[in-house]
Amino acid sequence: MTDQINKTRTIFAVFIMVLLMIATRGHSNWLSSIVHLPDFTIPALFIAGIYLRQFWVAFAIIISAIAIDNYAIVHEGVSAHCITPAYSVLPVTYYGIFWVGKYIGSLNIDTSIVKNALIVVAAASAQWLIATSSYYFFTATYAKTGWANFGAYAAQWSVVEIAPVLYWMIAVSIVFTLNHRYAFIPFFSAQKKS
């Protein structure tokens, strides 16, 4: 009975995270035009790694991200300029965020909001750097100048692309650190099963 309750809670958690991804994935929809929330994909994978810890959860979130992008390109007319061979690296970096969350979840999570926030900031920044480097490799700029202009390119886009993800990540870190301390969401307790 307990396993069935945990499965149901996990499915519900994944459902909520996918809904947040649909609402925030950065494509034009009614909700993103009203509230302008940053993309929830990275935080969803991090949460899945720490608390849900099952491969199928990461797979469902990654496939949802790809499906949301595909829908936006095919049905909403969003530009497909970012769909290069580098797009195949994106799911790998997403899985990396899940793995980092899973690894961190296996450690003793303490109640230091600053320490936890720094860990998620480092993980999100590394994911961005890998995904952006692979995208840059397939741009016309790289074909002309190689890696010489990558620093300027990264500086230009890092603030625009990393900061919004970090807003979610810091908020998630604060909520889960406080939950570790006060257990207001018992399902996401500090006691985890491998």
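**View 1. Ala 183 follows directly after helix α8.** In this predicted model, Ala 183 takes a positive phi of about 50 degrees.

**View 2. Helix α8 bends at Ser 158.** Helix α8 covers residues 150–182. The bend at Ser 158 is about 45 degrees. At 1.5 Å a residue, the 33 residues of α8 should span 48 Å. The C-alpha atoms at the two ends of α8 lie 44 Å apart, which agrees with that expectation.

**View 3. Helices α3 and α4 pack against each other.** Two packed helices are described by the angle between their axes and by the distance between those axes. Here α3 spans residues 41–52 and α4 spans residues 55–75. The angle is about 170 degrees, and the axes are 9 Å apart. Angles over 145 degrees count as roughly antiparallel, so α3 and α4 are roughly antiparallel to each other. From α3, the contact uses Thr 41, Ala 44, Leu 45, Ala 48 and Leu 52. From α4, Val 57, Ala 58, Ile 61, Ile 62 and Ala 65 take part. By class, this contact has 9 nonpolar residues, 1 polar residue and no charged residues.

**View 4. Ala 65 of helix α4 is shown with its contacts.** Ala 65 has a relative accessible area of 0% and is therefore buried. Leaving aside neighbours within four places in sequence, Ala 65 is in contact with Met 21, Arg 25, Thr 41, Tyr 87 and Tyr 94. Thr 41 belongs to the α3 side of the α3–α4 contact. Pro 91 is 26 residues from Ala 65 in sequence. In space, Pro 91 and Ala 65 are 8.8 Å apart, C-alpha to C-alpha.

Note on methods: Residues are numbered from 1 along each chain as its sequence is written. This is a predicted model: local features need pLDDT of at least 70, side-chain atom pairs count only at pLDDT 80 or more; totals for chains, interfaces and linings use all residues. Side-chain values use heavy atoms; hydrogens and water are left out. Axes are lines fitted to C-alpha atoms, for helices over the stretch in contact, and angles run from 0 to 180 degrees between N-to-C directions. Helices (H or I, at least four residues) and strands (E, at least two) are DSSP runs, numbered from the N terminus. Angles under 35 degrees count as roughly parallel, over 145 as roughly antiparallel, 65 to 115 as roughly perpendicular and the rest as oblique. Contact means heavy atoms within 4.5 Å. Ala, Val, Leu, Ile, Met, Phe, Trp, Tyr, Cys and Pro count as nonpolar, Asp, Glu, Lys and Arg as charged, and the others, Gly among them, as polar. The expected span of a helix is 1.5 Å times one less than its number of residues. The bend at a residue is the angle between axes fitted to the seven residues ending there and the seven starting there. Buried means under 20% relative accessible area, exposed over 50%, partly exposed in between (1.4 Å probe, protein chains only).
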